[in-house]
Structure formats: C-alpha cells, structure tokens
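Biologist: Could you walk me through this structure, one small piece at a time? I am new to this, so please explain the terms as we go.

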Amino acid sequence: MRRSRKGTIIRGLLTLGAATISASGVAAAEPVFPNDTILHITVHGPLASLGESTSDSIEIDGLIELDDGTRIPATISSYGISRLRVCSVAPLKFEIPEAAAAGTGFAGLHTVRLVPPCELEDEYTQYVVLEYLAYRSYEVLALPAIRVRPVEFRLRDTGRGSTGDASFAYIVEDLADTARRAGLTWLDIETYSGNDLDLAQLATVALFQYMIGNTDWSPVSAAPGQRCCHNVAVFGAETGRHTTLVPFDFDQAGLVNAPYATADERLGIRRVTQRVYRGYCWHNDEVEQAIETFNEKRAEIEALFNRSDLPCPGARKRALKYLKSFYDTINDPRKVQKHIVKACRG
C-alpha cells in the first residue's frame with residue numbers, strides 16, 4: 001500500500017466552496033448518541049494545515065455543521081499516529097466547548113472523534129463500515145460499551161475555499177464520556193494485575209476479540225507512558241477495584257481485513273483473518289456462559305450486518321460468513337476445547 005506524504009491528509013477531498021466560522025441555526029432534534037441513523041455533517045476549518053505533519057499535535061479552530069443548519073464551534077485535530085503514517089485521510093478529534101454544544105445534539109459531549117476511510121478509493125469505505133459494525137456488535141453483547149454512529153460527512157476547507165464530496169465514516173464517543181455514563185471513571189494507570197477484574201466480563205471481551213479476529217489488544221498492559229491497556233480501557237470506581245474493560249480500535253481485526261493491517265508473526269499467523277484466542281486461562285470457567293451470551297445475541301448481531309441503509313453490501317455479506325465460522329467453532333465442544341480453552345494464555 002502506498003504511503004501518504006506530508007500535506008496529503010486532506011488531499012482529494014476538496015472541490016469548490018466556502019464557509020465562515022460562526023455558531024447559528026436550529027438546535028438538533030435529538031442527541032447524537034444513542035441514535036444509530038446516518039448523521040449528515042460538514043466539517044469546516046483550515047483543514048489542509050492538518051496535513052502539514054504526521055504527528056497529532058496540530059490543532060485548528062473550526063466547526064461542525066449539521067444538515068439542519070446548526071453550526072457548532074470546535075477545536076479540531078488529527079489523531080492516531082499509525083493511521084497518520086499510512087493513510088491519506090486522517091481521523092479527526094473534535095473538542096467541543098460546553099456552551100457551544102448546549103441545545104444541540106452534541107450537548108454533554110466533550111470530545112467526539114470522526115473515523116473516515118483511510119483512502120478515498122471506493123474499496124476503503126468497506127473497512128470503515130466493518131469497523132463501525134464491530135463496535136456495534138460489542139455494544140449488543142456487553143455494557144459499558146463505546147457508542148458509535150454512522151456519518152455521511154463533507155470537509156469544507158475555509159483556507160482554500162473548497163468542499164469535498166460526501167463520504168461514509170462514523171463518529172465515536174469519548175472514553176471518558178462512556179465511563180461517565182456507566183457511573184465509573186476511566187482509570188489513569190499504566191499497568192494492571194487483572195486480579196480485580198470481572199472475570200465474566202473479561203471472558204466476553206476475549207471471546208469478542210476472537211470473534212472479530214483481533215489480536216491487537218491487551219487487558220493487562222500498555223506501551224510505556226500510555227494509559228492501560230492496549231486498545232482496552234479500564235473503568236473503575238477507584239484504582240484497582242470494581243474494574244471492567246471496554247475494547248476499542250478494531251481496524252486490525254480480521255473481520256475488517258484492512259489492507260494496511262498486519263499479522264503478528266509471533267502468534268504463528270500470516271493473515272489477520274486467522275483467529276487466535278488471546279484470553280487468559282484464569283477466566284476459562286467463564287467461557288461457557290460467555291458462549292451462551294454470544295448465541296443469544298447472534299440474530300441481533302447478524303441483523304446489524306444486514307442493515308439496508310449502510311453501504312458495501314458485498315463486504316457485509318463476506319463479514320457474515322466470517323462470523324459464521326466463529327459460531328461454528330463455539331458450538332462445537334471439541335473446537336472450543338482446542339481453539340479456546342486449551343489455547344488460553346497462562
């Protein structure tokens with residue numbers, strides 16, 4: 001896959017148009033979350049400046065415009081260092097002032113992230129759709145879960161006076177807001193022993209990651225200097241007690257099968273579509289109950305992939321076949337023993 005050069009993050013999105021930075025219009029009829037219909041937005045600002053670096057430190061003043069005319073000022077930045085290195089279109093983070101969001105669908109949300117396709121070629125839309133559906137699938141299985149919503153968005157660069165074509169993406173609730181909804185705190189810790197985790201909930205997380213073919217996560221550690229854990233947030237009432245895990249960031253999963261996703265050869269796999277169970281042996285007693293939950297929720301999960309309002313029906317159909325292979329495994333006792341129970345980490 002070709003790598004992007006500096007200045008190309010917004011490349012290809014821009015055509016003729018103009019905008020001003022102001023707050024006006026009619027308030028949104030209902031909150032952005034948990035509504036799951038497609039939201040139509042235009043992002044305004046000097047967006048080309050975000051492409052001047054492959055870091056996520058640049059911030060610009062902009063606004064989010066809803067299709068009813070509501071305009072909400074926000075501080076906009078790109079994020080996701082690995083995506084910035086390989087993609088022409090960066091994920092965007094919106095910091096929204098409380099006063100600006102009041103009376104709109106974004107009221108009460110401090111930070112919202114927009115996850116667009118990595119590239120503007122049509123085939124890349126499917127990977128965003130499938131990652132969005134991975135988030136929704138986990139929300140069906142367990143709570144707390146991060147809320148997401150599908151979006152059709154345009155980028156309007158005020159510096160160049162230009163507007164991009166509509167593209168599919170999704171917006172993601174901030175982890176701090178997810179924790180707050182659950183009456184918990186996103187714990188600021190670097191490592192975690194796991195001794196106080198809800199084992200039933202951990203078994204569900206591990207089995208979910210196995211379902212979507214994701215090995216890019218850890219429930220007990222993070223990179224040095226980063227908040228625990230790797231692609232898993234730890235929520236609790238206080239550090240080390242009453243804790244629960246919330247997974248996120250699924251673009252490396254086999255269900256998505258993005259062209260830039262790489263398999264971890266240390267796990268003995270060559271493709272991300274090859275499943276490897278990464279759960280721990282000390283929650284094996286909870287696996288049977290977790291499997292029951294997955295079976296109970298199967299029809300609801302499959303219904304997500306059959307939604308008529310989402311793009312890329314072919315990719316969603318292939319994803320359903322991938323999910324079927326997971327269900328074939330968890331409903332075969334011999335395969336459960338071989339690929340899950342006996343494959344656990346000590």
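Modeller: Happy to! This is a predicted model, in which local features need pLDDT of at least 70 and side-chain atom pairs count only at pLDDT 80 or more, while totals for chains, interfaces and linings use all residues. Residues are numbered from 1 along each chain as its sequence is written, and side-chain values use heavy atoms, leaving out hydrogens and water.

Biologist: Which residue in β11 is the bridge partner of threonine 185?

Modeller: Strands here are DSSP runs of E with at least two residues, and helices are runs of H or I with at least four, numbered from the N terminus. Strand β10 (residues 185–186) runs antiparallel to β11, joined by two bridges, and two strands pair if DSSP finds at least two bridges between them. Tryptophan 186 stands opposite phenylalanine 235. For threonine 185, the partner in β11 is glycine 236.

Biologist: Why is one side of β10 and of β12 left without a neighbour in the sheet?

Modeller: Three strands form an open, antiparallel sheet in the order β10-β11-β12. One side of β10 and of β12 is free because each has a single partner strand, which puts both at the edges.

Biologist: What angle does the direction of α5 make with that of β12?

Modeller: Helix α5 packs on the sheet and touches β11 and β12, where contact means heavy atoms within 4.5 Å. Axes are lines fitted to C-alpha atoms, for helices over the stretch in contact, and angles between N-to-C directions run from 0 to 180 degrees. For α5 and β12 the angle is about 20°.

Biologist: How many residues of β11 are buried?

Modeller: Buried means under 20% relative accessible area, exposed over 50%, and partly exposed in between (1.4 Å probe, protein chains only). Val232, Val234 and Gly236 point one way, Ala233 and Phe235 the other way, and all are buried. For strand β11 (residues 232–236), the count is five of five.

Biologist: How wide an arc do the buried residues of α6 cover around the axis?

Modeller: In α6 (residues 287–296), the buried residues are Val287, Ala290, Ile291, Thr293 and Phe294. They lie on the same side of α6 because their arc, taken from the directions from the helix axis to the C-beta atoms, is only 160°.

Biologist: Which exposed residues does the face of α6 turned away from its buried side carry?

Modeller: The buried residues of α6 pack against helices including α3 (125–141) and α7 (298–305). The face turned away carries Glu288 and Glu296.
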